[in-house]
Structure formats: structure tokens, C-alpha cells
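Student: I would like a close look at a single part of this model, with the helix packing set out step by step. Please take the surroundings into account as well.

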Amino acid sequence: MSSESIELNGNGSVEPARGEPARGEAALLVAVQSAIAGRPGVLSGARGLSHVGEHSLGWLALAGAGALAAHRRGDAIARRRYVEAGAGAFTAHAASVVIKRIVRRRRPNHPDIRVGVGTPSKLSFPSSHATSTTAAAILLGRAAGLPAAALPAALVPPMLVSRLVLGVHYPSDVAAGAIVGALTAGAVIAADAKYEEQ
């Protein structure tokens, strides 16, 4: 890229010059936003998901409520699995933060990308929302006794798309986040299986 096609933004990072078309993942992000962001309820729904997934707090609250309900009905296995769901969501989120600090990829900043929500950091890869949501969906569904794919199918795609609609992640950020979240959930399930064998 020539020196005429880039400029520094206010925080010193490089961004495309005004008028240069988006390329690669930035172009995909612009296409997603153009296709669906203007539809009724899409932006407000995406912002709602953003708040639920922030720092995995919504998933921690659901796991806590599930554990409490299981405790009250005397279901020790479900209680343990809800606690594991909260721990898995938090661990997945923490893993994503560590990876972000290693990779240090900046969030999307092309002028054609509309940013629809504030973020706690300028780092993008992987998406912490995607990571914690994927882990939480797998583990909460397991704790609730749902079919393995039911809750992930209902929660994960909307969260991944919401991060693109809001312009705060590239497609590879959310894909990597989902992978990290699934691996974290798998590790929690494997650890629980070993616990049950003892």
C-alpha cells in the first residue's frame, strides 16, 4: 500500500485514506452492514447482545441462576454443570483477552464501516463476545439437559453476526472466537468427565 493511500488516525494507528474502497475482510464487513444493518430491530438487537455478552456477565448471571435453581431442587449434577458453565464462559473470555494482547490486531477502522457500539479496548482478535458466548451456549445447554447443538445454534450465530453489524470485529475475529470458545467448553466437559470417573 502506498504512502498516499494510508493516513494516521487520532491514536496513531494506520487506517485507509478517505475514498479508498474497503478490501478483504473490511469489504466483507461493509457488505454485511449494507445487507442487514438497516433492517428494523437489527441494530438494537445487536446492541442488546453486546450488553449481554460484555465481559461474559450475562452468561455468568444465567449460570448462577441455573446453579441456584438446581441447588434448590436438590440436583447436584445440574448445579455442578451450571457452575462449570459460568467458569467456562469466564475462562473463555479470559483466554480471548490474553490472545488479544499477544496478537494486537486493531479493530476495523475503514471509513465505510459504521461502528455501532463502544468497546472496552481497541484490540480485535479474537472476539471476546464470540468466545464467551460459544463456551456458555455449549455448557449452559449441557447443564439444562438440552440437545448438544440446540443452544449453540440459537445463541452463537446471532452473536457472531451482531459483532459484524456493529462494526467492531472482522469475520475472522468472530470465527476464531467461536473456535476458542468451543475448545474451552470441550476442555471443561473433558475435565468434568474425569471428575465423574473418580
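In which kind of crossing, left-handed or right-handed, does H6 pass H7?

Tutor: This is a predicted model, and in it H6 passes H7 in a right-handed crossing. The axes of H6 and helix H7, the latter spanning residues 171–197, come within 9 Å and cross at roughly 155°. Because angles over 145 degrees count as roughly antiparallel, that crossing makes H6 roughly antiparallel to H7. On the H6 side the contact is formed by Leu-160, Arg-163 and Leu-164, which meet Pro-171, Val-174 and Ala-178 in H7. Sorted by class, the contact of H6 with H7 holds 5 nonpolar residues, no polar ones and 1 charged residue.

H6 also packs against H5, where the two axes come within 9 Å and cross at roughly 170°, and H5 and H6 are therefore roughly antiparallel to each other as well. In this contact His-129, Ala-130, Thr-133, Thr-134, Ala-137, Ile-138, Leu-140 and Gly-141 of H5 meet Leu-151, Pro-152, Leu-155, Val-156, Met-159, Leu-160 and Arg-163 of H6. Its residues divide into 10 nonpolar, 4 polar and 1 charged. Leu-160 and Arg-163 of H6 thus appear in the contact with H5 and also in the one with H7.

Leu-164, which belongs to the H6 side of the contact with H7, is in addition touched by Gln-33, a residue placed in helix H1, residues 24–37. With a relative accessibility of 1%, Gln-33 counts as buried, because the cut-off for that term is under 20%. Leaving aside residues up to four places away in sequence, Gln-33 touches Gly-38, Asp-112, Ile-113 and Arg-114, and, besides Leu-164, also Val-165, Leu-166 and Gly-167.

H5 and H6 return once more around H3, since both are included, together with helix H2 (42–53) and helix H4 (76–103), in what covers the buried residues of H3. Those buried residues are Gly-58, Trp-59, Ala-63, Gly-66, Ala-67 and Ala-70. As for the geometry of H3 itself, its 16 residues, 57–72, should span 22 Å at 1.5 Å a residue, and the end C-alpha atoms lie 23 Å apart, which agrees. H3 is followed by Gly-74, whose phi is positive, near 80°.

How values were computed. Residues numbered from 1 in each chain as written. Predicted model: local features only at pLDDT ≥ 70, side-chain atom pairs only at ≥ 80, totals over all residues. Heavy atoms only, no water. Helix = DSSP H or I, 4+ residues; strand = E, 2+ residues; numbered from the N terminus. Expected span 1.5 Å × (residues − 1). Buried < 20%, exposed > 50% of the residue type's maximum accessible area, 1.4 Å probe, protein only. Contact = heavy atoms within 4.5 Å. Axes fitted to C-alpha atoms, helices over the stretch in contact; angles between N-to-C directions. Parallel < 35°, antiparallel > 145°, perpendicular 65-115°, else oblique. Left-handed = near helix turned anticlockwise from the far one by under 90°. Nonpolar A, V, L, I, M, F, W, Y, C, P; charged D, E, K, R; others polar.
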